[in-house]
Amino acid sequence: MDIDTLRRQHPDHWTKAVAIRVLAMDAVQAANSGHPGMPMGMADVATVLFEKHLKFDAANPDWPDRDRFILSAGHGSMLLYALLHLTGYAGMTIDEIRNFRQWGAKTAGHPEYGHAKGIETTTGPLGQGISNAVGFAIAEEALRARFGKKVVDHYTYAIAGDGCLMEGISHEAIGLAGMQKLSKLIVFWDDNNISIDGEIKLSDITDQKKRFQAAGWQVLACDGHDPEAIDDALTAAKKSKKPTMIACSTHIGFGSPAKQDTAKAHGSPLGDEEIARVREIYGWSHPAFEIPSDIKKSWEAIGSRGAADRAEWQDRFDGLSESRKKEFNRVFSGNPPRKLSATIKALKKQTTETLPKVATRKSSEMVLEIVNPIMPETIGGSADLTGSNNTLTADLGIFSPENRKGRYIHYGIREHAMAAAMNGMVLHGGIRPYGGTFLCFTDYARGAMRLAALMGIPTVFVMTHDSIGLGEDGPTHQPVEHLAICRATPNTWTFRPADTVETAEAWEIALTSIRTPSVLALSRQNLPTVRTEHKLKNLSAQGAYVLAESEGKRQVILMATGSEVEIALKARDILQEKGIGTRVVSMPCMELFAEQDLSYRRKVLPAGPVRVAIEAGVRSGWDKWLLGERGREAKAAFVGMESFGASAPAPTLYEEFGITAENVVTKVEKLI
């Protein structure tokens, strides 16, 4: 539909949609940076969605049963910011719009979760938003099955562009959503045929409609500038028993004489002269950042339209039993059940009494076996490695279209979509997801893991087969640099527990976290219990602690994580027999140790003794503890990996790569 027809046939709609467009143009121009074309192209779709379909209450942005709106095409962030401002979200003032992309503004270049209410997730890295949306929809299904349709019954809407659909993660997410028949998920495809380099045909000839259909989606199409067609498509989408993709044919930079339907409208300001021409074409005579009061009031009425729905929901919620209301509020707050601490302590005590020799992936399963029954908010899963990751416990049941009460998801070989979907579940609220794969395959999940850290959400990544200790699968599967990569990521706790006790403590920390994701790096090979004395305190929460003290004068401190703590203890025995006093420090989480006060760190790592770190990974990250914190290069060494691994039994690999107690002793003796 052309502009003249749109203005003539739908004047009220037109003025509301133009308000979005001019704010996008003006903000990008003021910042001299940004993407005006997408908001200009999708303003009609967004206006119809917010006015006629989206269930929300701008005055109560955290209402648990609101519909979720996700801008997967995050470069078009001004579309979202304009909608939040126009509908009356308290924090999205016109000054925030003026300060688009400036220091301290809520209006970041791409939407960032936590900056302002109404931003459901951080998007910008393409494909993440649509994949988060799958997690949002899974959470809605699971919570509706648990608490009932009276209090959980909402849709998840997402706008995705060509870039989102080109990214490989989208294929994973689309397949997962189709298989799960997530009928409350509706995705708008902004089909404008343009990317940064030019027309889409330069890089892609995929028939996206057939692609979605092949994955089990309902596919609809509409003119993205015809409000009646958009409304009809949305109405049909909500009747489907499948997820729906609506292909919206749009013009990027709609109305720009020089830049519409070109890459020039995508990622740079239109320019003052072009904006003036567009204003004339739009019939918009108002200055930059000025929205006439009647148009603003019309939008604010849209923002308050959901107040009645929210009030009715509140009445239904108040009708629940006190215990149901309390549990609902608990899981949405992210607080663990009171039983968790005592349950973890009981397992720790049992472990110190029975001293099991098991792989820490098995230790993790032992923890989950006692945690999952008392934390019904957990949803587990694995990227087709359930038997290897040990992530499925008997009580969970499988989440499927036939069993929405199931709490375990078979993600298939989709590590990236698994991680992004888990992020979506956390962001939705009411769910504590965890998912597993091999530590080496964090490479496939990295984008979503990084965003979990950036957003400050407590997603739990269970990463087993954490070293050359996995053995015969060889260097393609043996992680050597991956611990360092995880540790280098800000706001991420990377746990590498040495035994069942430390694994239980790591899980307790991960399940009580509010703003930090956790990576649990777990062994394939069996490990002895090294924490043989029961302690009520969670020592892993300190990041590092003295596991074995020196006898006699302390000359050496051995630091180790995971499977190498056993090696450190054996080396200590040899060194003590030689009269060399040796302390062993277990360091299950470097990040938490770095957060401890200086006095505690000095107690654990005092100046003077030789320091040797032992880990079946690369040295990167260890120098902070070897050379810093009162250490010295002349009295420090590392026993670990300097190359990729090899295919052989684990004991052979440890011997060949020199990660042995004997080699540790040799290093120590050269330094003393």
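**Notebook: strands, a sheet and two helices**

Entry 1. I began with β2, and both of its faces turn out to be covered: Thr 156, Ala 158 and Ala 160 are buried on one side, and Tyr 157, Ile 159 and Gly 161 are buried on the other. I should say at once that I am working with a predicted model. The two sets of names made me recall that side chains in a regular strand alternate between the two faces of the sheet. Counting along β2 (residues 156-161), I get six of the six residues buried, so the strand is largely enclosed by the rest of the structure. For this step I took buried as under 20% relative accessible area.

Entry 2. Which strands pair with β2? I found β1 (residues 68-71) in the parallel sense, over four bridges. In that pairing, Leu 71 stands opposite Ile 159 of β2. I also found β3 (residues 185-191), which runs parallel to β2 and is joined to it by six bridges. There, Ala 158 of β2 has Val 187 of β3 opposite.

Entry 3. Next I turned to another set of strands. In what order do the six strands of the open sheet lie? I read β9-β8-β10-β11-β13-β12, with parallel pairing. At the edges I noted β9 (408-410) and β12 (493-495), each of which pairs on one side only. I looked up the twist too: neighbouring strands of this sheet are turned by 20 degrees against each other on average, direction ignored.

Entry 4. I then picked out one pair within that order. Strand β11 (residues 460-464) runs parallel to β13 (residues 518-521), and four bridges join them. Met 463 stands opposite Ala 521 in β13. Helix α21 (residues 500-512) packs on the sheet, where I see it touching β10 (432-438), β11, β12 and β13. The direction of α21 makes about 130 degrees with that of β10.

Entry 5. My last stop was helix α16 (residues 360-371). How far apart are its end C-alpha atoms? They are 16 Å apart, and since 12 residues at 1.5 Å a residue should span 16 Å, the two values agree. I find α16 mostly covered, with nine of its 12 residues buried. Among them are Thr 360, Arg 361, Glu 365, Met 366 and Val 371. What do the buried residues of α16 pack against? I listed α15 (339-354), α17 (386-389), β10, β11 and α21. That ties back nicely to my previous entry, as α21 also touches β10 and β11.

Key: Residues are numbered from 1 along each chain as its sequence is written. This is a predicted model: local features need pLDDT of at least 70, side-chain atom pairs count only at pLDDT 80 or more; totals for chains, interfaces and linings use all residues. Side-chain values use heavy atoms; hydrogens and water are left out. Two strands pair if DSSP finds at least two bridges between them. Axes are lines fitted to C-alpha atoms, for helices over the stretch in contact, and angles run from 0 to 180 degrees between N-to-C directions. Contact means heavy atoms within 4.5 Å. Buried means under 20% relative accessible area, exposed over 50%, partly exposed in between (1.4 Å probe, protein chains only). The expected span of a helix is 1.5 Å times one less than its number of residues.
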